[in-house]
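Reader: I am a first-year student, and I would like a close look at a single part of this model, explained slowly and with the terms spelled out.

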Amino acid sequence: MNDDALTAKFRPRLEAALAALIAEQDATAQERAPVALDQQSVGRLSRMDAMQQQQMALAAGRQREAQIARIRNALARMDDGEFGVCLECGNDIAEKRLR
């Protein structure tokens, strides 16, 4: 499959995935915010639970950021006409692997 066909096939998927990841990142921003120390309204165990939830949200956010970076790199390679080519050896990457 030539570069144009690969780009036409994968660009819409990558752009849709990128938009979804960015929307999810924006929607979960509050979950990643620092946990307030307010022991009058929340007990110590509730705060610990909130801090654990925050750490899980931060980890998920880092994973999303990494995926966003990979997608942006793939889109940049499409723009440069290098999509579907291994960066290390220069050989074509099979379509099944690209999926």
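Which residues make up the largest nonpolar core?

Author: This is a predicted model, in which local features need pLDDT of at least 70 and side-chain atom pairs count only at pLDDT 80 or more, while totals for chains, interfaces and linings use all residues. Residues are numbered from 1 along each chain as its sequence is written, and side-chain values use heavy atoms, with hydrogens and water left out.

The largest nonpolar core has eleven residues in all, namely Leu 6, Phe 10, Leu 14, Leu 18, Leu 21, Ile 68, Ile 71, Ala 74, Leu 75, Met 78 and Phe 83. At least two residues of this core come from each of α1 and α2. A nonpolar core is a set of buried Ala, Val, Leu, Ile, Met, Phe, Trp, Tyr and Cys residues joined through side-chain atoms within 4.5 Å, where buried means under 20% relative accessible area, exposed over 50%, and partly exposed in between (1.4 Å probe, protein chains only). Helices here are DSSP runs (H or I, at least four residues), numbered from the N terminus.

Leu 14, one of the core residues, is in contact (heavy atoms within 4.5 Å) with Ile 71, Ala 74, Leu 75, Met 78 and Phe 83, once its neighbours within four places in sequence are left aside.

The two cysteines Cys 86 and Cys 89 are not members of the listed core; Cys 86 is partly exposed at 25% relative accessibility, and Cys 89 is partly exposed at 48%.
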